[in-house]
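Good morning, everyone, and thank you for making room for this on the agenda. Please bring up the sequence and the model on your screens, and keep them open while I talk.

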Amino acid sequence: MQPLFVVERASDAGPVASMPSIVRFSVESVAQEARALAAVGIPAVLLFGIPAHKDASGTSNADPNGVVPRAVRAIKAAVPEMLVVADLCNCEYTDHGHCGILDAHGNVDNDATVAWLASVAVVYAESGVDVIAPSDMMDGRVEAIRSALDAHGFADTAILAYSAKYASAFYGPFREAAESTPQFGDRRGYQMDPPNVREALREIALDIEEGADAIMIKPGLPYLDVVRAARDAFDVPIAVYNVSGEYAMLKAAIARGWLEERAIDETLVAFVRAGADIVITYFAKEWAARNP
Ligand code: PBG
């Protein structure tokens, strides 16, 4: 699965400095990229929208003509067989960069955020997205999203839950690409503590109980033990997210001649060996092009 950044303002499209060969697409150009991905055999994309306007509650996230719904329609029109997954979070849409709505003390309000994201999920579903992937890490969101989708006639829209998402230093380049760096504080209140593996298994079990169709572990390479533990404990499809910092490290070392390109293949196969069914990686397109 290839992650794709889509900007609402076409003038913001272009390369991401810390992620060589990754670009931010406009709504118009993302359909073309979907065709190119299909041509090399990539069956799925994960969309991240970067809106033209941000505010405290992330209002533009629920706009039926916002960047994600428009990108979904453009991709589905160009490549109907492409599986389109939409990341669901508020951090790209809020001016403070946190993943949710803040309370009077500046803390993320879990329940207000869950209700908001469930309504955004319905807007995404109306645009024709196949899978909703909530990455906010609020408690109870999978159940709320599942009921909202079902209540609006979208029983077939699947949920890929970012179940075990750690508060990681490896998201740095992504935050540049998605303009989602928190303006104060950090995400440790809602993302998981890196040394903790048992909590990951609890979070995964809860998400499955709440109705997740597939679960995710993120980041990838530093958390392969979590992938293996999840594989041994659960029977649902498991996705692993080979995140932006993992991509940047390999790209930088390969560009300097410090590592051979096959370090990429070795990394990707490690995810499969650890038990992942779905690998989300910025290397998807180049790997598929090299391995027809
Ligand atoms: C949004 C989100 C993030 C990533 C995916 N969804 C950033 C974050 O939590 O700060 C990171 C992906 C990557 O680093 O490639 N909540």
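I will go through the ligand and its cavity, then the pockets, and finally two points in the backbone.

Before anything else, please keep in mind that what you are looking at is a predicted model.

Let me begin with the ligand. Which residues come nearest to the ligand? There are 18 residues around it, and of these Lys165, Arg175, Lys218, Ser244 and Tyr282 come nearest. If we sort that shell by class, we find 10 nonpolar residues, 3 polar ones and 5 charged ones.

Some of the side chains around the ligand can be described atom by atom. In the side chain of lysine 165, an N or O atom lies 2.8 Å from an oxygen atom of the ligand, and in the side chain of glutamine 191 an N or O atom lies 2.9 Å from a ligand oxygen. With lysine 218 the ligand atom in question is a nitrogen, and the distance to an N or O atom of the side chain is 3.3 Å. How much of the ligand does the protein bury? Taken alone, the ligand exposes 390 Å², and the protein buries 100% of that.

That brings me to the space itself, for the ligand takes up the largest cavity. The structure holds 1 cavity of 30 Å³ or more, and the largest cavity has about 140 Å³ of space. Its lining is made of 20 residues, and those closest to the centre are Cys91, Lys165, Tyr171, Phe174 and Lys218. Two elements, β7 (158-165) and α5 (172-178), give two or more residues each to this lining. By class, the lining of the largest cavity divides into 10 nonpolar, 4 polar and 6 charged residues.

Now to the pockets. The largest pocket holds about 250 Å³ of space, and among the 13 residues that line it, Met1, Ile42, Val279, Thr281 and Trp287 are the closest to its centre. At least two lining residues come from each of α9 (262-274), β10 (278-281) and α10 (284-290). What classes of residues make up the lining of this largest pocket? The answer is 11 nonpolar and 2 polar, with no charged residues.

For the second largest pocket the space is about 210 Å³, and of its 16 lining residues the closest to the centre are Met137, Met138, Gly189, Tyr190 and Gln191. Here the lining has 7 nonpolar, 6 polar and 3 charged residues. You will recognise Gln191 from the ligand, where its side chain has an N or O atom 2.9 Å from a ligand oxygen.

I will finish with the backbone. Most residues other than glycine have a negative phi, and most peptide bonds are trans. Against that background, the peptide bond from lysine 218 to proline 219 is cis, with omega near -10 degrees, and proline 219 lies in the loop between β8 (214-218) and α7 (224-233). Serine 21, for its part, has a positive phi, near 70 degrees, and it lies in the loop between β2 (14-15) and β3 (23-26).

If you take one residue away from this talk, let it be lysine 218, whose side chain has an N or O atom 3.3 Å from a ligand nitrogen and whose peptide bond to proline 219 is cis.

Notes. Residues numbered from 1 in each chain as written. Predicted model: local features only at pLDDT ≥ 70, side-chain atom pairs only at ≥ 80, totals over all residues. Heavy atoms only, no water. Near = heavy atom within 4 Å. Polar contact = N/O pair within 3.5 Å; in protein donor to acceptor, adjacent residues only side chain to side chain. Areas by Shrake-Rupley, 256 points an atom, 1.4 Å probe, with all protein chains shown as cover. 1 Å grid on protein atoms, 1.4 Å probe; cavity = no way out; pocket = protein on both sides within 12 Å on 5 of 7 lines; lining within 4 Å. Sits in = over half its atoms within 2 Å of the grid points. Nonpolar A, V, L, I, M, F, W, Y, C, P; charged D, E, K, R; others polar. Points joined across faces, edges and corners; volume = space filled by probe spheres on them. Helix = DSSP H or I, 4+ residues; strand = E, 2+ residues; numbered from the N terminus.
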